[in-house]
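Biologist: I would like to learn how to read a model of this kind with some care. Could you take me through it one feature at a time?

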Amino acid sequence: YADYSYGQNDQAVSIWRLPDGRLHRKLYGHTNRVLGVALSRDGQLIASCSMDGTARLWNAASGKCMHVLKSSSEYVHACIFNETHKRLITVCGGTVEVWSLQDGKLINRMDYPEKSYDPKGVRSESHSICVFNVNSACVFDIETGILLLRVIYLPGPINDAALSPDG
């Protein structure tokens, strides 16, 4: 299992163990810079996303790549697990993609309303996905892909966002 991981410009995902702070292993497979990583709550799975247009789902214990998820976009900017539905959420430019953890298949794709979109973050709890950038945020239903809420052009920048665990 993994305690801590991060992506690097060397196209690898590093897995660290706490509390000794030792590098446990590096995961290779991406062909360009790793932009984001996520750990499942139980530490059994690692997701990574990259400028190579893919997200990868890894077994944290073995280091084996379980699935390569080919995005519809050139870059995959961010990824996060949704434990409730056993899904991986990826953000690729103006698109949010929902993937099955079991078979790595694309389940749903939602387009962000604005044409040019540079995501700052993604959150997912229970039945919702929140994607935000500096001046707007959207909340989608994870199963239907329906846009539930759209907030645009607030008086100041959006620095972070959170969703209630009960959706």
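Modeller: We will go through confidence, sheets, a covered strand, an exposed residue and a cavity, in that order.

Biologist: What is the mean pLDDT of the protein chain, and where is confidence lowest and highest?

Modeller: Since this is a predicted model, confidence is a sensible place to begin. Where pLDDT is low, the predicted coordinates should not be read in detail. Here the protein chain has a mean pLDDT of 86, with 90% of its residues reaching 70 or more. Confidence is lowest in strand 1 (residues 4-7), where the mean is 67, and highest in strand 7 (residues 65-70), where the mean is 97.

Biologist: How should I read a sheet, and what is the order of the strands in the one that contains strand 8?

Modeller: The strands of a sheet pair through backbone hydrogen bonds, in either a parallel or an antiparallel way. In this model, one open sheet of four strands follows the order 8-9-10-11, and its pairing is antiparallel. Strand 8 (78-82) and strand 11 (106-111) are the edge strands, each pairing on one side only, and the twist from one strand to the next averages 20°. Within this sheet, antiparallel strands 10 (residues 95-100) and 11 are joined by five bridges, and E97 is found opposite R109 of strand 11.

Biologist: What is the order of the sheet that contains strand 14, and which are its edge strands?

Modeller: That open sheet of four strands has the order 12-13-14-15, again with antiparallel pairing. Its edge strands are strand 12 and strand 15, each of which pairs on one side only, and here the twist averages 10° from one strand to the next.

Biologist: How is strand 14 joined to strand 13 and to strand 15?

Modeller: On one hand, five bridges link strand 14 to the antiparallel strand 13 (residues 128-132), V131 having C138 as its bridge partner, and a hairpin of three residues connects these two strands. On the other hand, five bridges link strand 14 to strand 15 (residues 147-152), also antiparallel, with F140 opposite L147. The hairpin of strand 14 and strand 15 has five residues between the strands, and in it G145 adopts a positive phi near 80°.

Biologist: Is strand 14 mostly covered or mostly exposed, and which way do its residues point?

Modeller: Strand 14 (residues 136-141) is mostly covered, with six of its six residues buried. S136, C138 and F140 point one way from the strand, whereas A137, V139 and D141 point the other way, and all are buried.

Biologist: Why does A162 count as exposed?

Modeller: A162 counts as exposed because its relative accessibility is 70%, and the cut-off for that class is over 50%. A162 belongs to the segment after strand 15, and its C-alpha atom is separated by 9.8 Å from that of I129, although the two residues are 33 apart along the chain.

Biologist: How does one look for empty space, and how many cavities of 30 Å³ or more are found?

Modeller: Rolling a probe the size of a water molecule over the atoms shows where empty space is left. A search of the whole structure gives one cavity of 30 Å³ or more, and the largest cavity has a volume of about 40 Å³.

Biologist: Which residues line the largest cavity?

Modeller: The lining is made up of R41, F81, N82, E83, T84, S124, E125 and S126. Strand 8 and strand 12 (121-125) are the elements that give two or more residues to this lining. By class, the lining residues comprise one nonpolar, four polar and three charged.

Terms used. Residues are numbered from 1 along each chain as its sequence is written. This is a predicted model: local features need pLDDT of at least 70, side-chain atom pairs count only at pLDDT 80 or more; totals for chains, interfaces and linings use all residues. Side-chain values use heavy atoms; hydrogens and water are left out. Two strands pair if DSSP finds at least two bridges between them. Axes are lines fitted to C-alpha atoms, for helices over the stretch in contact, and angles run from 0 to 180 degrees between N-to-C directions. pLDDT is the predictor's confidence in each residue, from 0 to 100. On a 1 Å grid over the protein atoms alone, a cavity is a set of points where a 1.4 Å probe fits but cannot get out, and a pocket is an open set with protein on both sides within 12 Å along at least five of seven lines; lining residues have an atom within 4 Å of a point. Grid points are joined across faces, edges and corners, and a volume is the space filled by probe spheres set on the points. Ala, Val, Leu, Ile, Met, Phe, Trp, Tyr, Cys and Pro count as nonpolar, Asp, Glu, Lys and Arg as charged, and the others, Gly among them, as polar. Buried means under 20% relative accessible area, exposed over 50%, partly exposed in between (1.4 Å probe, protein chains only).
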